[in-house]
Every structure is written in C-alpha cells, then in structure tokens.
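Colleague: Got the model up? I want to talk through the ligand site and the empty spaces.
Modeller: Sure, here it is.

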Amino acid sequence: MTASVSTAQDPAQDAAPAQDSPQAQSFDFGAYLEAARLRVEAALDGSLGPERPESLRESMRYSLLAGGKRLRPILCLAACELAGADGELAMPTAVALEMIHTMSLIHDDLPAMDNDDLRRGRPTNHKVYGEANAILAGDALLTRAFEMVALRSPGVPAERLLAVVGELSLASGAPGLVGGQVVDLECEGKQVDLATLEYIHLHKTGALLRACVICGAQIAGASEALLAALGTYARGIGLAFQIIDDILDVTASSEVLGKTAGKDLTADKTTYPKLLGLEESRCRAEALVAEAKAALAPWGTGEGEFKAAPLLALADYITSRDR
Ligand code: GRG
C-alpha cells in the first residue's frame, strides 16, 4: 500500500476526500471496524521477531495476541487518515500503542496491583508464566513500543516520530498511566469524590486514548487546529470509555467481558455507578460522547464527512459496546 504524507493546515485540507467518492456517500461502521481490526491483528502478529530468549517472546505474544477490541490502534489509524495520510504510515505507532496497552494490562493484573486471574478470556500472563516473567514481558513490550516508533516507522519524517515518542512517554509515565494507577491504588477502600475519580480515569485510561489520536494525527502532519480538536475528542471518549467500563463491571458477565466481572465492588473501588447510579452514569457517558463528536464537527461535514466518519462512529461505539 502506498503511504502519503499530508501537510494539511485547516479542516478543509485535512479531510478532503475524493469528490463524488462512493465511500463518501455511506459509511458501514461494522465493515470498517472488522477490516481495521484484521489489519491491526496482522501487524501485531508480525511485530515480534528478534526477541530472545524464546520464553520471553512467547509470554509477550501470549498477551499481545490474545484478542481484545484493538480500539487503541484503530483510533490511531483513523486519526492519521482523518489528518490526510494513508493509515499504513501510522501502523508501527498503532502497534506500539497496543503494546503499551497490553503491558499495562499485564502489570495491572499482577497480585501487587489488581490481582486478577482472567484477561481477554484467558488466564492472566502471571498465572501462565509466573510473576517475574510477567513483569519482564510487560517491560519488554513497553520498550519495544518505543523501538517500533523510533526504528521501525519507514517513511515518516524524524521530527514527527520525535513528537510521537514525546506523546507516548507522557501517556505511559507519571503524567499518564503510572500516575493514574498510583492514585487509583491509593484510593482503594476510601470515599472518593467525582473530581478525584475523573483525575484517575483521565490519567489511567484517558491518557493513552489521547495519545492514540494525537500520535496518529502527528504522523500525518496535522494542523494545530486538528490536534486541539482531537485532544477535546479524546477527553470525551476517554471518560465515557471508563464510565461504560464501570457500568459493564456491574452489568455484564465475566464470560462476555473476558475479565472478572464485579471486580470494582470486590476491590472496594469508587466507580461512576457507585457515585451517580447507573442511569445518571449512562447519561454522562452519552453527553461526553456528544462533546467528543462536536469537537470534530468542522472536519465532519461536507467533503470531510467520510474521513471523520470512523472517529465519530468509534465515539458512539464506546457507549454502545457490550464488552
Ligand atoms: C509500567 C509504564 C507502566 C505503566 C503501567 C498498570 C498501570 C501502569 C496502569 C494501569 C492502566 C490500566 C490497566 C487501565 C485500565 C484501562 C482499561 C479500561 C482497559 C480495558 O481496555 P479495553 O476494554 O481492553 O479496550 P481490550 O482487552 O479490549 O483491549
């Protein structure tokens, strides 16, 4: 597939599809999601090669290729395409994002953290490979993610890759995942207010979702206006994603979720349903998705309609998903 780089500076340029394109007439989100998922699965499958020893490679692959919705890499590809470039250009970064996400799941499941036995419908990494190996598999996935961007992203200008490395560092470290996780652990068993809950989720869940769309767009050389709009979009979908996660924790089964349901209650965590009730939580998630979609309005009308369609539909998917 030929990759092209856009230097678009405004909504009309960022997202102008071919005129009269039949794709612009209608958008089949189900087909889009499945095609994008398959592209991502293939890229993930080919992403781990030289890791040695073999036992490390096996445990990395066990978690990385265990399924999952692949929402993060798909958001990255969609943002890259909205910003006017071929999504394939962002595939190594999309893989890196899934590697960071998978690392965070492996570490989150450890006995010292959430202590879980089930993830993506399988025994957790440490249940299969032991705690030390699970920590190391997570460490290797995290560092491999940066290698994907810095050394395995052909065709992307170096200054864009540097910006992506910066975003991924912020999202993974104390200003993102780690900071959110620390506050989350500190708040277990305590009464937490809405502002603290929002802080936890904007960092623990929202930071990486933000990095997905920002990095995808940076690879395409998106304008500052589009990056700002994507930041607002990401805040909305990040919080909505976590609200729905909290709702599903009490309404769905472990079988459907592929992870232990009812965990928040057992761990005595403050959740949106606990603070607001189920109905109010769902309304809040829907309002956040509406805010997220509104941020992309300048890129989602007229000629830009088709290129914005995946991110708009992905926002709706966040509230309609059942796992
Ligand atoms: C060591 C740098 C470093 C970071 C780790 C453990 C940790 C710090 C952070 C925990 C982050 C975490 C697990 C947040 C929860 C995010 C979340 C809601 C995950 C579920 O995402 P889905 O539903 O899962 O997209 P699938 O399986 O579909 O990918």
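**Ligand, pocket and cavities**

Modeller: Start with the placement: the ligand sits in the largest pocket. Keep in mind that this is a predicted model.

Colleague: How many residues surround the ligand, and which are the closest?
Modeller: The ligand has 20 residues around it. Lys69, Arg72, His101, Arg120 and Gln181 are the closest.

Colleague: Take Lys69. What is the distance from its side chain to the ligand?
Modeller: An N or O atom in the Lys69 side chain is 2.6 Å from an oxygen atom of the ligand.

Colleague: And Arg72, how far is its polar side-chain atom from a ligand oxygen?
Modeller: For Arg72 that distance is 2.7 Å. His101 also has a polar side-chain atom by a ligand oxygen, at 2.8 Å.

Colleague: How much of the ligand's accessible area does the protein cover?
Modeller: The protein covers 90%. On its own, the ligand has 770 Å² of accessible area.

Colleague: Which helices supply at least two residues of the shell around the ligand?
Modeller: Helix 6 (91–108), helix 10 (177–187), helix 11 (194–219) and helix 12 (224–251) do. Helix 6 gives the most to that shell, with 6 residues.

Colleague: What about the chemistry of the shell: how many nonpolar, polar and charged?
Modeller: The shell around the ligand divides into 6 nonpolar, 8 polar and 6 charged residues.

Colleague: Back to the pocket. How much space lies in the largest one?
Modeller: About 1,100 Å³. Its lining has 49 residues, and the closest to the pocket centre are His101, Leu105, Asp108, Arg119 and Lys259.

Colleague: Which elements give two or more residues to that lining?
Modeller: Helix 5 (71–82), helix 6, helix 10, helix 11, helix 12 and helix 14 (263–266). Helix 6 gives the most to the lining of the largest pocket, with 7 residues.

Colleague: And how does the pocket lining divide by residue type?
Modeller: Into 13 nonpolar, 15 polar and 21 charged residues.

Colleague: New topic. How many cavities of 30 Å³ or more are there?
Modeller: The count comes to 2. The largest cavity has a volume of about 90 Å³, and the second largest has about 60 Å³.

Colleague: Which residues lie nearest the centre of the largest cavity?
Modeller: Ser63, Ile106, Asp109, Arg119 and Asn125, out of 13 lining residues. Arg119 is also among the residues closest to the centre of the largest pocket.

Colleague: Where does the largest share of that cavity's lining come from?
Modeller: Helix 6, with 3 residues. Helix 4 (54–64) and strand 2 (122–123) also supply at least two residues each. By type, the lining of the largest cavity divides into 5 nonpolar, 4 polar and 4 charged.

Colleague: And what lines the second largest cavity?
Modeller: The lining residues are Asp184, Cys187, Glu188, Val192, Leu197, Ile200, His201, Asp268, Lys269 and Thr270.

Colleague: Which helix gives the most there?
Modeller: Helix 11, with 3 residues. Helix 10 also supplies at least two residues of the lining of the second largest cavity.

Colleague: How many of that lining are nonpolar, polar and charged?
Modeller: The second largest cavity has 4 nonpolar, 2 polar and 4 charged lining residues.

Colleague: Good. Where should I look again for helix 6?
Modeller: At the ligand shell, where helix 6 gives the most. Then at the lining of the largest pocket, where helix 6 again gives the most. Then at the largest cavity, where the largest share of the lining comes from helix 6.

Notes:
Residues are numbered from 1 along each chain as its sequence is written. This is a predicted model: local features need pLDDT of at least 70, side-chain atom pairs count only at pLDDT 80 or more; totals for chains, interfaces and linings use all residues. Side-chain values use heavy atoms; hydrogens and water are left out. A residue is near a molecule or strand if one of its heavy atoms lies within 4 Å of it. A polar contact is a pair of N or O atoms within 3.5 Å; within protein, one must be able to donate a hydrogen and the other to accept it, and residues adjacent in sequence count only if both atoms are side-chain atoms. Accessible areas come from the Shrake-Rupley method with a 1.4 Å probe; for residues, only the protein chains shown count as cover. On a 1 Å grid over the protein atoms alone, a cavity is a set of points where a 1.4 Å probe fits but cannot get out, and a pocket is an open set with protein on both sides within 12 Å along at least five of seven lines; lining residues have an atom within 4 Å of a point. A molecule sits in a cavity or pocket if more than half of its atoms lie within 2 Å of its grid points. Helices (H or I, at least four residues) and strands (E, at least two) are DSSP runs, numbered from the N terminus. Ala, Val, Leu, Ile, Met, Phe, Trp, Tyr, Cys and Pro count as nonpolar, Asp, Glu, Lys and Arg as charged, and the others, Gly among them, as polar. Grid points are joined across faces, edges and corners, and a volume is the space filled by probe spheres set on the points.
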